[in-house]
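Q: Please give a close look at one part of this model, the walls of a pocket, and then follow its surroundings into the packing of the protein. A single connected account would be best.

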Amino acid sequence: MQNDNRQIHNMEIRIHTCRGSVETFFQDNPNLVASILKGIQSTKVFASNIVTIAGEYSLTTFAASRVNRVDLIDEELPLWKYPDDILDVVELCEDEFRERSHLNDPARLERRRSPKETGEVAVVFVEVEMTGGTPIFLAAKIKVGLPAERLQRLRILFSAAAVHFRMREGGTAILNLKNLVRFTLNPGPDVTPIDAWPAHHLSRQESVRIAGALD
């Protein structure tokens, strides 16, 4: 994590599994909280086969391959660093995501090929689907790189072993990208992957309309 002299007095830990269950744990000893945080590297949380939580009365072990995300919750929790061109990544609720990305108003959607200047700050909205169908909605603030780099930055971020982001209520979540099913960028990068299939992403309403026309 970034250097920070603040002492975290307590922390809630939530483990989200592929089956949709959530287990919650709590630690209110500042020294033990500091020890937990010191031992965590966001990209390596899921590197071993298991994630284990040891309490005073029980010990719980999760198969890392069956964990979708880990939440570390405290308002003062510092963040790990992002790659240089990623300035911030924050979780949104679905309603805010659809409103801010204009998915509810297709006429205002930003086209993928809208020109952007190198060094410009832009916001990209990312819809993530994890194993088990769990949706996660993110807003990523990025600094636009050189044309040759624009396609790669967010794709590299979501092809790593794990990615972290700020939670709305405070704290940090870490996603296990081994369980990533899909991610959609709005707007997408202005450079098209050479292996991409050129097709328009239909909204729910469009899909229903087309299905009705084919009947």
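**The second largest pocket and the packing around it**

A: In this predicted model, the lining of the second largest pocket draws at least two residues from each of β1 (11-17), β2, α1 (30-39), β3 (50-54) and β5 (67-73). Of these, β3 provides the largest share, 5 residues. The full lining comprises 25 residues, and those nearest the pocket centre are I13, I36, T52, I53 and A54. The volume of the pocket is about 650 Å³.

One contributor to the lining, β2, spans residues 22-27 and contains Q27. The side chain of Q27 comes within 2.8 Å of the backbone nitrogen of N29. Setting aside residues up to four places away in sequence, Q27 has contacts with H9, N10, M11, L32, V33 and I36. I36 is also among the residues nearest the centre of the pocket.

The packing can be followed through the nonpolar cores. The largest of them has 24 residues, and V128, L138, L154, F158, F165 and L175 have the most contacts inside it. At least two residues of this core come from each of β6 (86-92), β7 (121-130), β8 (135-143), α3 (152-157), β9 (162-166) and β10 (172-176). The strand that gives the most is β7, with 5 residues. A second core, separate from this one, has 21 residues, including M11, I13, F25 and A64. Two of these residues have already been linked to the pocket region: M11 is touched by Q27, and I13 is one of the residues nearest the pocket centre. In general, nonpolar side chains in soluble globular proteins tend to be buried together.

Within the largest core, V128 has contacts beyond four places in sequence with T134, P135, I136, L138, F158, L175, L180, R182 and F183. Its partner I136 lies in strand β8 and counts as buried because its relative accessibility is 2%, under the 20% cut-off. On the same basis of sequence separation, I136 is in contact with R69, E91, V126, E127, V128, M130, F165 and L175. The C-alpha atom of I136 is separated by 8.1 Å from that of E94, a residue 42 places away along the chain.

Aromatic pairs give another view of the packing, and the whole structure has 4 of them. F25 and F62 form an edge-to-face pair, so described because their ring centres are 6.3 Å apart and their planes stand at 90°. This pair joins distant parts of the chain, with F25 in strand β2 and F62 in strand β4 (residues 59-63), 37 residues apart. Both rings belong to buried residues: F25 has a relative accessible area of 16%, and F62 has a relative accessibility of 9%. F97 and F125 are also paired edge-to-face, at 6.1 Å centre to centre with 85° between the planes. That pair again links distant parts of the chain, F97 being in helix α2 (residues 94-101) and F125 in strand β7, 28 residues apart. F97 is buried at 0% relative accessible area, and F125 is buried at 8%. With F137, these two residues make up one aromatic cluster.

Two strands recur in this account. Strand β2 supplies residues to the pocket lining and holds F25 of one aromatic pair. Strand β7 gives the most to the largest core and holds F125 of another pair.

How values were computed. Residues are numbered from 1 along each chain as its sequence is written. This is a predicted model: local features need pLDDT of at least 70, side-chain atom pairs count only at pLDDT 80 or more; totals for chains, interfaces and linings use all residues. Side-chain values use heavy atoms; hydrogens and water are left out. Helices (H or I, at least four residues) and strands (E, at least two) are DSSP runs, numbered from the N terminus. A polar contact is a pair of N or O atoms within 3.5 Å; within protein, one must be able to donate a hydrogen and the other to accept it, and residues adjacent in sequence count only if both atoms are side-chain atoms. Contact means heavy atoms within 4.5 Å. A nonpolar core is a set of buried Ala, Val, Leu, Ile, Met, Phe, Trp, Tyr and Cys residues joined through side-chain atoms within 4.5 Å. Buried means under 20% relative accessible area, exposed over 50%, partly exposed in between (1.4 Å probe, protein chains only). Rings of Phe, Tyr and Trp (its six-membered ring) pair if their centres lie within 6.5 Å; planes under 30 degrees apart count as stacked, over 60 as edge-to-face and the rest as tilted. On a 1 Å grid over the protein atoms alone, a cavity is a set of points where a 1.4 Å probe fits but cannot get out, and a pocket is an open set with protein on both sides within 12 Å along at least five of seven lines; lining residues have an atom within 4 Å of a point. Grid points are joined across faces, edges and corners, and a volume is the space filled by probe spheres set on the points.
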